[in-house]
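Trainee: Could we work through this model together, going from the sheet to the core and then to a few individual residues?

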Amino acid sequence: WSLWSDLAYSVQTGHSARARQTGVAHYGFLDQQPDTAPVFHQAMQAMTGLIAQELAHWPAWHNTRALVDVGGGHGTLAAAIALAHPRLQVSVLDREDARPAPDSDYGRLMQSGRARFCPGDFFQAVPAGADRYLLKSILHNWDDTQAACILGVCAAAARPGARLLLVERVRPERLRATVHDEALTRTDLNMLAGLGGRERSLAEFSALLETAGFRLDQVAPTRHEFSVIEAIRL
């Protein structure tokens, strides 16, 4: 909440209030506050749980052999998808402090050989060769330059014809005076103040995908506030 006291600075400059207040950009603050990392990951796990079962039965997973969840945290979503599709192999790439507990659903999948956890940096590399790549609530954390970099890394790892699924809020071209759009605006400002990120319109997502070597194929809303944007590696 303290970041919102500098909201005017973020709106005027497009930069993170956290970076201004602490000198630490993006998720570096988790390195300096080890007690905060578990709270952060639990919060992300709870938010993902709202739509995990709906996404687990998304048509895109049919005939999928290998899935990489980029920035997948504790593996909550990847585990739900894998449990719904017994032949699917899953990988989660995230920070080391997100490593799933052995007694979690994902931890048990790791023990069975159906899943792996890959500590790493999605600005550098992601596991290669999968036929599906998933990024849930990732791109809205970053500005356009950094978002394009993440997509470029995914494109380098993906074969032609592989599919990329973005699970994000999609901002309409014109905001309306509705509860939905007001909530979306709050998350937009929260991403801006916290990380210098933003929510995006479908046209903005399409442009980022095209620059990275993907073609937007289709988009569909979930029952919650997110949409699933599917793209194909060219």
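The questions and answers below concern a predicted model.

Trainee: In the open sheet of 7 strands, which strands stand at the edges?

Mentor: The strands follow the order β3-β2-β1-β4-β5-β7-β6, and their pairing is mixed. From one strand to the next the twist averages 20°. Each edge strand has a single partner, so one side of it is left without a neighbour in the sheet, and the two strands in this position are β3 (115-119) and β6 (214-221).

Trainee: How many bridges join β6 to β7, and which residue in β7 is the bridge partner of F214?

Mentor: Strands β6 and β7 run antiparallel and are joined by 7 bridges, and a hairpin of 5 residues connects them. Within this pairing L216 has A231 as its bridge partner in β7, while the partner of F214 there is R233.

Trainee: On the β5 side, how many bridges join β5 to β7, and what is the bridge partner of L166?

Mentor: Strands β5 and β7 also run antiparallel, with 6 bridges between them. In β7, the residue bridged to L166 is I229.

Trainee: How many residues of β7 are buried, and which of them point the same way as S227?

Mentor: Side chains in a regular strand alternate between the two faces of the sheet. Strand β7 is mostly covered, with 7 of its 7 residues buried. V228, E230 and I232 point one way from β7, whereas the other way is taken by S227 together with I229, A231 and R233.

Trainee: Which helix packs on the sheet and touches β5, β6 and β7, and what angle does its direction make with that of β6?

Mentor: The helix in contact with β5, β6 and β7 is α10. Taking its direction against that of β6, the angle is about 150°.

Trainee: Which element gives the most residues to the largest nonpolar core?

Mentor: In soluble globular proteins, nonpolar side chains tend to be buried together. The largest nonpolar core here has 37 residues, and those with the most contacts inside it are Y133, L135 and L166. Elements giving two or more residues to this core include β4 (132-136), β5 (163-168), α9 (179-195) and β7 (227-233). The most, 7 residues, comes from α8.

Trainee: What does L166 touch, once residues up to four places away in sequence are not counted?

Mentor: L166 is one of the residues with the most contacts inside the largest core. Its contacts with S227, V228 and I229 lie in β7, where I229 is also its bridge partner. The others it touches are L135, L139, L151, F205 and L209.

Trainee: How many residues are in the second, separate core?

Mentor: Among the members of this second core are A52, A60, L67 and F226. Its size is 27 residues.

Trainee: Where does W61 lie, and is W61 buried or exposed?

Mentor: W61 is in the loop between α5 (52-56) and β1. Leaving aside neighbours within four places in sequence, W61 is in contact with L55, A56, L67, I81, H85, R132, L134 and L165, and a polar atom of its side chain lies 2.6 Å from the backbone oxygen of L55. Its relative accessibility is 3%, under the 20% cut-off, so W61 counts as buried.

Trainee: With which side chain does that of E199 make a polar contact?

Mentor: E199 is placed in the loop between α9 and α10, and with a relative accessible area of 1% it is buried. Residues that E199 touches include E168, R169, R171, D188 and E204. The polar contact, at 3.0 Å, joins the side chain of E199 to that of H140.

Trainee: How many disulfides does a search of the whole structure find, and why is C118 not bonded to C154?

Mentor: C118 counts as buried at 13% relative accessibility, whereas C149 is partly exposed at 33%. The cysteine sulfur closest to that of C118 belongs to C154 and is 13 Å away, which is too far for a bond. C149 is in no disulfide either, since its nearest cysteine sulfur, again that of C154, is 9.7 Å away and a disulfide needs the two sulfurs within 2.5 Å. Over the whole structure the number of disulfides found is 0.

Notes. Residues are numbered from 1 along each chain as its sequence is written. This is a predicted model: local features need pLDDT of at least 70, side-chain atom pairs count only at pLDDT 80 or more; totals for chains, interfaces and linings use all residues. Side-chain values use heavy atoms; hydrogens and water are left out. A nonpolar core is a set of buried Ala, Val, Leu, Ile, Met, Phe, Trp, Tyr and Cys residues joined through side-chain atoms within 4.5 Å. Buried means under 20% relative accessible area, exposed over 50%, partly exposed in between (1.4 Å probe, protein chains only). Helices (H or I, at least four residues) and strands (E, at least two) are DSSP runs, numbered from the N terminus. Contact means heavy atoms within 4.5 Å. Two strands pair if DSSP finds at least two bridges between them. Axes are lines fitted to C-alpha atoms, for helices over the stretch in contact, and angles run from 0 to 180 degrees between N-to-C directions. A polar contact is a pair of N or O atoms within 3.5 Å; within protein, one must be able to donate a hydrogen and the other to accept it, and residues adjacent in sequence count only if both atoms are side-chain atoms.
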